[in-house]
Amino acid sequence: MDQLKYHDILYNDAPIGPYPTHLLKCVPEPTNRIPGPVGRKDQRSSVFARSLLGEFGDELEREFKRMTVRYPVGGALVDLQNHINLYPRRANKVADKKAPIPTDPRVLSRHLKCLGHFLGADIVGIGPLPQSAVYSHDMKGREIDAPYPWAIALVARKHEPTLCASNGWEEIVDGASFQAYQRVALQSETMANYIRRLGWNAVATNMNSYVTLMPQIALSCGIGEVSRLGIVLNPFLGANFKVAAVLTDMELEADGYVDFGLQEYCSNCTVCAEQCPSHAISRGKQKLYNGYYTWKLNDRVCSDFDILNKEGCVCGRCTKVCPWHRPHMDARDFAGWDGDLAWLHATVDEQRARNEANGFVDPSERTDKWWFALDEVDGELVVPSGRNTQKLCREYPLQR
């Protein structure tokens, strides 16, 4: 077979990946205003880091340290996650000579997107690395330097049946996150290894091994827009996903920022704020924060609820109730989408209306809850006591 024909996918305009991301409207700037300057953050300044370091008291420090391992599914995932994150210490070096492959940025970009999907990513995006996304210092106070011009974002959708069967803050919610974190960690480390073998510099940034803040990278790589949740939302997955990235000096082609009408939509929709158990999500307008406009999450309140949650482990309620979260739709359901935002919004409204009609189902009545309610206390797994899930469900009914 002719070599050029064999590599047609690298040279033509055929869509790459299961979702029709190629039909999203691309714009030259993010849809949320960024007057700047956007300052770099110290990794130790996050609320989770401050809890871990004991800044908020002994109880939060103690509960944070056991938060992700107190339930056996989450603990098992974290154990392997930690093993993956030991890998960079013995990672392969950059090859002395570059591989004899095309250097066209567009060809290389399409090649790496195909690789990302081959490794299991649901969505892959490429964009310039904002240096403001790079942490200034790590958890040990060491300066972080990431002199890479490009970022490749790898997106993993969280397990929909599990999220649907939960109330949004049960013990499996943290495990569902780590299941996605683990996948993108493995994908990003593998891709970085591969790029180094080709002769370019590359480093992965992922769970437990972050050198960057991921929302800015997701925005730059065209994964989605800033949402009321305070994070980036994707039109096909909602916010039910996790992201890792590969930073590299391989010359690539940017996908561009995307605009699917989310700024206007989130300005009028407050479902996530109304359903947030900790009331950490803003119901008001966007505010200027660190040089950009966003719906600023009260991260301390959110973090405290996650860490001290006695009804489960952490919380993903906002992800579950967001109208853009359509758990019964997969990539095949978007096959007929032509990029028309009216169609997309109609689908969102239809899903929301259907859930309103169904009302809230008490999680105790679900027949598809496959996990055991267990908690580790003094090294022993026990059935959690003192729960009042039904009371919480009455206080925060899952309706839109």
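Let me start with I217, which, setting aside residues up to four places away in sequence, touches L129, A133, A151, A153, T212, A245 and L247. Please keep in mind throughout that what we are looking at is a predicted model. I217 is one of the 49 residues in the largest nonpolar core, and together with I223 it touches the most other members of that core. As for where the core draws its residues from, the elements that contribute two or more are the helices α5 (72-86), α8 (172-198), α9 (214-220) and α10 (262-268), along with the strands β3 (150-157), β6 (232-233) and β7 (241-248). Apart from this core there is another one, made up of 19 residues, and among them are M191, A192, A204 and M250.

Now let me step back to the chain as a whole, which has 400 residues, 50% of them buried. Its secondary structure amounts to 15 helices and 12 strands. If we take the contacts between residues at least 6 apart in sequence, 80% of them join residues that are at least 24 apart. The accessible surface of the chain is about 18900 Å², and carbon and sulfur atoms account for 53% of that area.

Two of the helices that I named for the core, α5 and α8, deserve a slower look. In general, a pair of packed helices is described by the angle between the two axes and by the distance between them. Here the axes of α5 and α8 come within 9 Å of each other and cross at roughly 20°. Because that angle is under 35 degrees, α5 counts as roughly parallel to α8. The crossing in which α5 passes α8 is left-handed. Which residues meet along this pair? On the α5 side they are V73, G74, L77, V78, L80, Q81 and I84, and on the α8 side they are I172, G175, F178, Q179, Y181, Q182, A185, L186 and E189.

Finally, I would like to turn to a single glycine, G116, which sits in helix α6, covering residues 105-118. Is G116 buried or exposed? Its relative accessible area is 0%, and so G116 is buried. If we leave out the neighbours within four places in sequence, G116 is in contact with A121, V124, L154 and M191, and M191, as you may recall, is among the members of the 19-residue core. G116 can also be set beside G17, since the two are 99 residues apart in sequence while their C-alpha atoms are 9.0 Å apart in space.

Note on methods
Residues are numbered from 1 along each chain as its sequence is written. This is a predicted model: local features need pLDDT of at least 70, side-chain atom pairs count only at pLDDT 80 or more; totals for chains, interfaces and linings use all residues. Side-chain values use heavy atoms; hydrogens and water are left out. A nonpolar core is a set of buried Ala, Val, Leu, Ile, Met, Phe, Trp, Tyr and Cys residues joined through side-chain atoms within 4.5 Å. Buried means under 20% relative accessible area, exposed over 50%, partly exposed in between (1.4 Å probe, protein chains only). Helices (H or I, at least four residues) and strands (E, at least two) are DSSP runs, numbered from the N terminus. Contact means heavy atoms within 4.5 Å. Accessible areas come from the Shrake-Rupley method with a 1.4 Å probe; for residues, only the protein chains shown count as cover. Axes are lines fitted to C-alpha atoms, for helices over the stretch in contact, and angles run from 0 to 180 degrees between N-to-C directions. Angles under 35 degrees count as roughly parallel, over 145 as roughly antiparallel, 65 to 115 as roughly perpendicular and the rest as oblique. A crossing is left-handed if the near helix is turned anticlockwise from the far one by less than a right angle, and right-handed if clockwise.
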